[in-house]
Amino acid sequence: GEPLGPRRLSLRPVPKLPNMEAFLREALVKVKQQARGCLAPELCFQAVRAATERPFAEGVRREQELFRVLLSSGQAQALQYVFFAERAVRRWATPNGASWSSAAPQPVRKAAVIGLGTMGQGIVTSLVKANIPLVALEQDLEYLNKGRKAVMLLLEREAKKMEGGARTLDFHNPARLQFTVDFHLLRDVDLVIEAVYENMALKKEIFHKLSKICKPGTILCTNTSALNIDEIASVTSRPQQVIGTHFFSPAHVMRLLEIIYGRHTSPTAIATAIQLAKALKKVGVVVGNCFGFVGNRMMFPYVQQAVFLLEEGSRPEAVDRVIEDFGFKIGPFRMSDLAGLDVGWRSRKDQGLTGPSLPAGTPARQRRGQRYSPLPDLLCEQGRFGQKTGKGWYRYETAGGRTATPDPWIHNFLSHYRDTHRIETRSIDQDEILERCLFSLINEGFAILAEGIASGPEHLD
């Protein structure tokens, strides 16, 4: 006996909800934080907002307008390009004629990871998630126990995220994950990833050992971020099986895996590394061997420009804000604090750019005829290594803390530094920050292409 109102939802009036304004305001703030610099999420938000405020037909019209804006936007074209570029990099080729079409991977039934520092922990976690049984090795029991604890924490977090899914992580089973200090347990593995810190002598010592202990077919991978693959391979009896697999920090999160071939690396080793990337749900990109390869080689001039900007009058938080508002997930200074300032410091000492091997009388702000900033070295001398020590370019609530707070100590330190070197402070605008950081990144990319270190622009992108 009730009257028949409209059956179509689209014909009903839009319900008015209490405190809608406040709710939408909060939602917009969240969207802007999570998708900095990205157009689509903000326009999605506007479409939803229109649906709460206008009749159905008008809401749909508004959604179409917003969709057209996105359809012709540079961001849509860039995302489409990236979609196809990620697929294009699977088709790799090297200058000597090896390529994806003729190389077949070896199966990896069991793997090993050497070194359980930050990178090793992330790599172990990635392998466990990919269901590859493995052995994790450290130099002594103290480091092993510390590493095991950290790995178990990471795996428990990952298992929680997967709860309710079809798969569970079987990481308490020693047949799937075994911790050891005994090198001889690596006798029967199909692939080893060395993830100790960046020191050539240490890496060579490990590869010499592996060459004697591992079975003849084992692929020997190094997670170096910059060191020469050929020099590491030179101490083994099987240079054709040595390859760089450079994970990015945090290794269980970042999707990029840089795969570096040396002079003797076999097509089979490259194909196996690409197959491993696929198993770990990562994008494997094959590149040539030079200092810093592609990722870090492009990063050096970018971070260097960011530091020069500080010398001239900017602050870490100002540079990071501009880069992050542009759309980068993390600015150069927060990134350095996350990775650890001591990593670059150690590398610069090895190159003779700072530390005891620097010739006496070298000008403070010049190296080998080029401009140089000693700022990162000076921070490290103060024990400021970033998040791990609770202070770097920023301050953190504790050692290992994650929340970066601008640090007045750094501001004083910078102004004292400028006075010492008689650098005139000036105000630096956003455009200059963006152009100096990004153009130095892009220019280095062109140099890499010109040298044939990467086989196409998609690999760089």
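The UniProt annotation "domain: 3-hydroxyacyl-CoA dehydrogenase C-terminal", from an unreviewed entry, covers residues 292–396. That span is 51% helix and 4% strand, and its end C-alpha atoms lie 29 Å apart. Keep in mind that this is a predicted model. Here's a quick tour of some strands, a couple of helices and the nonpolar cores.

**Strand 1 and its neighbours**

- Strand 1 (residues 111–114) is covered on both faces, with Ala111 and Val113 buried on one side and Ala112 and Ile114 buried on the other.
- That fits the usual picture, in which side chains in a regular strand alternate between the two faces of the sheet.
- Strand 2 (residues 134–137) pairs with strand 1 in the parallel sense, over four bridges. Look for Val113 here: its bridge partner in strand 2 is Ala136.
- To get from strand 1 to strand 2, the chain goes through helix 5 (residues 118–129), and this β-α-β crossover is right-handed.
- Strand 4 (residues 191–194) also runs parallel to strand 1, joined to it by four bridges. In this pairing, Ala112 has Val192 as its bridge partner.

**Strand 6 and its neighbours**

- Strand 6 (residues 242–247) has six of its six residues buried, so it is largely enclosed by the rest of the structure.
- Face by face, Val242, Gly244 and His246 are buried on one side, while Ile243, Thr245 and Phe247 are buried on the other.
- Strand 5 (residues 219–222) runs parallel to strand 6, with three bridges between them. Cys221 stands opposite Ile243 of strand 6.
- Strand 7 (residues 256–261), by contrast, is antiparallel to strand 6, and five bridges join the pair. Thr245 stands opposite Ile259 of strand 7.

**Helix 11**

- Helix 11 (residues 316–326) has these buried residues: Pro316, Glu317, Val319, Asp320, Val322, Ile323 and Glu324.
- Part of that pattern is worth reading against the general rule that an α-helix has 3.6 residues a turn, so residues three or four places apart point the same way.
- Among the elements covering the buried residues of helix 11 are helix 10 (295–312), helix 12 (332–339), helix 15 (408–420) and helix 16 (430–450).
- Right after helix 11 comes Gly327, with a positive phi near 135 degrees.

**His411**

- His411 sits in helix 15, and at 16% relative accessibility this residue counts as buried because the cut-off is under 20%.
- Leaving aside residues up to four places away in sequence, His411 touches Arg315, Glu317 and Pro406. Of these contacts, Glu317 is one of the buried residues of helix 11.

**The nonpolar cores**

- Nonpolar side chains tend to be buried together in soluble globular proteins.
- The largest nonpolar core here has 62 residues, and the members touching the most others are Ile114, Leu186, Leu210, Val319 and Trp393. Helix 10 gives the most to this core, with six residues.
- Domain 2 (111–289) and domain 3 (296–459) each supply at least three residues to this core.
- Val319, back in helix 11, touches Ala306, Leu309, Leu310, Ser314, Pro332, Phe333, Ile433 and Cys437, not counting residues up to four places away in sequence.
- Another core lies apart from this one and has 42 residues, including Val124, Leu155, Leu169 and Ile259. You've already met Ile259: this is the strand 7 residue opposite Thr245.

Key: Residues are numbered from 1 along each chain as its sequence is written. This is a predicted model: local features need pLDDT of at least 70, side-chain atom pairs count only at pLDDT 80 or more; totals for chains, interfaces and linings use all residues. Side-chain values use heavy atoms; hydrogens and water are left out. Buried means under 20% relative accessible area, exposed over 50%, partly exposed in between (1.4 Å probe, protein chains only). Helices (H or I, at least four residues) and strands (E, at least two) are DSSP runs, numbered from the N terminus. Two strands pair if DSSP finds at least two bridges between them. A crossover is right-handed if, with the strands pointing away from the viewer, the path from the first strand over the helix to the second runs clockwise. Contact means heavy atoms within 4.5 Å. UniProt positions are given in the numbering used here, feature names are shortened, and annotations may be inferred rather than shown by experiment. A nonpolar core is a set of buried Ala, Val, Leu, Ile, Met, Phe, Trp, Tyr and Cys residues joined through side-chain atoms within 4.5 Å. Domain bounds come from an automatic or database domain assignment.
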